[in-house]
Amino acid sequence: MPSVKIVEVARVAMPATAALPPGESSLLRLSALDAPWLLIPLIQRVLIYDGQLPPFASLVGSLHESLTATLARFPPLAGRIVFLPSTGNAAIDCSGSELDGGVRFLVAEMDEADAEKLAGDADHDVDTFQQLLPELDASALPAEVLAVQVTRLRGGVAIGVALHHAVVDGRALWMFLEAWAAACRGDTAAVEPSFDRAAIALPGGEELTRSTLRKYMPNLPQVAPFPAGPIVPRRTFTVAEERIGRLKQRIAQLIRPAHESSAKAARPPSSFVAVTALAWVSYVRSKHPAAISADQDVCLYFFFDIRGRRGIVPPVSESYFGTCVTGCLVKAKARDLLAEDGIATAAAAVQGEVRRAVEDPLANWDWIALAASALSRDSALVSISGSTRFPAYEVADFGWGPLGRTELVTMNSAGQVVLVAAKGGGGGVQASVCMHPDHMEAFDAHFTNSFD
């Protein structure tokens, strides 16, 4: 089994010219949306490039230099999450004064690992993927926000990033990677990030954040994050836009008879709704009857990005850089999802929850309490992370060729599905699925065949 060798550990300092936007303090207090993520702190994502690349030393130098430039635009990433005992708040200290300032930047070698194979195999080599990532200790505050590892592979290179989820969500991650890649190419990303946590108009303001911290992390600065579960196999499915279009039309046809008077109800669902609904149904079919009975409730959990939503006054900026998601939960009886029109039942439920979230984006801001309400029942749970709109393969061009593969390595449990837009653009979707080996082949068969 290949093993990684760390050959250099450096720090990328935040440039002296870095500054938050006018009026924003270098101490950014966490919002009530940020705070719960101290318990599930890690976003670890790997990006694999294969083919003709620059010499490794040159590539590392370009990444280091461009990361320095990028941190000037994203000061929180070079900061530390700190506890403020005088007020009970937690905050991102962007001054660089806590611990060793800057971002850990590791250079590594793993020459036995084949980049083409890692980029091409549907089944994840989880052990290798994990070695391509830096560690990020989030068990206590102060805590780092970002670490980077660049690893030479046989025939390619991997960039592994570990970020603290209390500072970024999935959309913010891709905002950062787009800016870093653009800087490496010599370009400038168009989006200017905003960091002001007060822009999210949660009732209760800072007191709500403090009460959330007391509720979930009563022993700060010790955090005690939720422990990681056992490693479960993962497999990636890439679905072209044409096949997703056929699934959408089939769902619309199944929904129409029950809603003949409503043209809106018969409109094909979004790609997110269609793929999420199919993953939910495929999960149930793969585990019935051995692990899920027909009478059992099966819950589906996903996150909703509240940037730009009219249900918040004033709306949160589309360029907001932070954790800006709330929770969504739907449930159905397994028998309803197993029925011939089960995909329509699932899609209608997901679409209904999306509409609820559009109307009241902040209702389920306490997503941990929402998730716990599902886990406390005698029910099964499917969780969806990411978005069919995350332009992973489009934005992660560092100037030496297209991204071969990207995966979220911190997949936490069986039944988790991670979505990004597929390689090549055009409306395709990449869905990475975490399933127990006893059920993966059945899931694969139903999921794959349902697009035709």
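Two strands count as paired if DSSP finds at least two bridges between them. Strands (E, at least two residues) and helices (H or I, at least four) are DSSP runs, numbered from the N terminus. The model on screen is predicted, so local features need pLDDT of at least 70 and side-chain atom pairs count only at pLDDT 80 or more, while totals for chains, interfaces and linings use all residues. Residues are numbered from 1 along each chain as its sequence is written, and side-chain values use heavy atoms, with hydrogens and water left out.

**Stop 1: the six-stranded sheet**

Select β10, β16, β15, β13, β11 and β12, which in that order form an open sheet of six strands with mixed pairing. The edges are β10 (234-239) and β12 (325-333), each pairing on one side only. From one strand to the next the twist averages 20°; angles run from 0 to 180 degrees between N-to-C directions, and axes are lines fitted to C-alpha atoms, for helices over the stretch in contact.

Now step through the pairs. Strand β11 (residues 297-305) runs parallel to strand β13 (residues 379-386), with six bridges between them. Pick Tyr301 and its bridge partner in β13, Ser383. β13 is also paired with β15 in the parallel sense, over four bridges, and here Ser385 has Val418 of β15 as its bridge partner. β15 and β16 pair in the antiparallel sense over five bridges. Stay on Val418: the residue opposite, in β16, is Ser432.

Colour strand β15 (residues 416-421) by accessibility. Six of its six residues are buried, where buried means under 20% relative accessible area, exposed means over 50%, and partly exposed lies in between (1.4 Å probe, protein chains only).

Add helix α10 (residues 342-359), which lies across β11 and β12 and runs at about 150° to β12.

**Stop 2: Gln430**

Where does Gln430 sit? Its place is in strand β16 (residues 429-434). Gln430 is buried, with a relative accessible area of 5%. Show its side chain together with that of Tyr393: the two make a polar contact at 2.6 Å. A polar contact is a pair of N or O atoms within 3.5 Å; within protein, one must be able to donate a hydrogen and the other to accept it, and residues adjacent in sequence count only if both atoms are side-chain atoms. The Gln430 side chain also reaches the backbone oxygen of Thr406, at 3.0 Å.

Widen the selection to contacts (heavy atoms within 4.5 Å). Setting aside neighbours within four places in sequence, Gln430 touches several residues, including Thr236, Phe237, Thr238, Glu407, Val418 and Val420.

**Stop 3: two helix pairs**

Two packed helices are described by the angle between their axes and the distance between the axes.

Select helix α8 (residues 271-287) and helix α13 (residues 437-449), which pack at about 135° with axes 8 Å apart. The angle makes α8 oblique to α13; under 35 degrees counts as roughly parallel, over 145 as roughly antiparallel, 65 to 115 as roughly perpendicular and the rest as oblique. The crossing of α8 past α13 is right-handed. A crossing is right-handed if the near helix is turned clockwise from the far one by less than a right angle, and left-handed if anticlockwise. Among the α8 residues at the interface are Val275, Leu278 and Tyr283, and α13 brings His439, Ala442, Phe443, His446 and Phe447.

Move to helix α1 (residues 56-71) and helix α4 (residues 170-185), packed at about 120° with their axes 8 Å apart. That angle makes α1 oblique to α4, and α1 passes α4 in a right-handed crossing. Here Ser62, Leu63, Ser66, Leu67 and Thr70 of α1 meet Phe176, Ala179, Trp180, Ala183 and Cys184 of α4.

**Stop 4: the four-stranded sheet**

Select β2, β5, β4 and β7, which form an open antiparallel sheet in that order. At its edges stand β2 (27-29) and β7 (143-144), each with a single partner strand, so one side of each has no neighbour in the sheet. β2 pairs with strand β5 (residues 89-93) in the antiparallel sense over three bridges; find Arg29 opposite Ala91 of β5.

**Stop 5: backbone details in the loops**

Pro142 is in the loop between α3 (126-131) and β7. The peptide bond leading to Pro142 from Leu141 is cis, with omega near 5°. Another cis bond joins Val313 and Pro314, with omega about -10°; Pro314 lies in the loop between β11 and β12.

End at Ala224, in the loop between α5 (205-216) and β10. Is Ala224 buried or exposed? Ala224 is exposed, with a relative accessible area of 60%. Its phi is near 55°, a positive value in a residue other than glycine.
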